[in-house]
Amino acid sequence: MYKLKGKALDAALKRVGMHSDGYGLFLRVRPSGSAQWFFVTTRGGKRREIGLGGYNNLSIGDARKRAQTAREAVERGEDPVAAVR
């Protein structure tokens, strides 16, 4: 179940930090107020963050689709960065 809906998303955008939407999708809000979507996975025992796009340029629905594409690539043993691009 996704966590960032309606008021929860609005509240997250007002707090600096990383906010989980679930299933490896995060929203990072910086002190400047900018926000970016990114996907977190582990590959070869190493944590990897994959930038998906800025909040102003990418809707939450599109960010979820890109994260799903990356998750599926990881499950197939492929490079999730290449899958998202």
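Start in this predicted model with the turn that joins strand 2 to strand 3. The two strands form a hairpin with 5 residues between them. Select Gly-33 in that turn: its phi is positive, about 100 degrees.

Now extend the selection to the strands on either side of the turn. Strand 2 covers residues 25–29 and strand 3 covers residues 35–43. They run antiparallel and are joined by 5 bridges. Two pairs are worth picking out. Leu-25 has Phe-39 as its bridge partner in strand 3, and Arg-28 stands opposite Gln-36 of strand 3.

Next, go back along the chain to strand 1, residues 17–22. Strand 1 pairs with strand 2 in the antiparallel sense, over 5 bridges. Select His-19 and then Leu-27, its bridge partner in strand 2. These strands also form a hairpin, with 2 residues between them. Tyr-23 sits in the turn and has a positive phi of about 60 degrees.

Stay on strand 2 and show its side chains. Is strand 2 enclosed or open to the outside? It is largely enclosed by the rest of the structure, because 5 of its 5 residues are buried. Colour the two faces separately: Leu-25, Leu-27 and Val-29 lie on one side, Phe-26 and Arg-28 on the other, and both faces are covered.

Zoom out to the whole sheet. It is an open sheet of 4 strands in the order 1-2-3-4, with antiparallel pairing. Strand 1 and strand 4 (46–54) are the edge strands, each pairing on one side only. Neighbouring strands are turned by 30 degrees against each other on average, direction ignored. Then add helix 2, which packs on the sheet and touches strand 1, strand 2, strand 3 and strand 4. The direction of helix 2 makes about 15 degrees with that of strand 3.

Last, follow the chain past helix 2 (60–75) into the loop before helix 3 (80–84), and select Glu-78 there. Is Glu-78 buried, partly exposed or exposed? Its relative accessibility is 36%, so Glu-78 counts as partly exposed. Show the side chain of Arg-76 as well: the side chain of Glu-78 makes a polar contact with it at 3.1 Å.

Which residues does Glu-78 touch, leaving aside its neighbours within four places in sequence? They are Arg-43 and Ala-73. Draw a distance line between the C-alpha atoms of Glu-78 and Arg-43: the two residues are 35 apart in sequence and 9.6 Å apart in space. Arg-43 falls within residues 35–43, strand 3, which brings the tour back to the hairpin where it began.

Definitions and conventions:
Residues are numbered from 1 along each chain as its sequence is written. This is a predicted model: local features need pLDDT of at least 70, side-chain atom pairs count only at pLDDT 80 or more; totals for chains, interfaces and linings use all residues. Side-chain values use heavy atoms; hydrogens and water are left out. Buried means under 20% relative accessible area, exposed over 50%, partly exposed in between (1.4 Å probe, protein chains only). Two strands pair if DSSP finds at least two bridges between them. Contact means heavy atoms within 4.5 Å. A polar contact is a pair of N or O atoms within 3.5 Å; within protein, one must be able to donate a hydrogen and the other to accept it, and residues adjacent in sequence count only if both atoms are side-chain atoms. Axes are lines fitted to C-alpha atoms, for helices over the stretch in contact, and angles run from 0 to 180 degrees between N-to-C directions.
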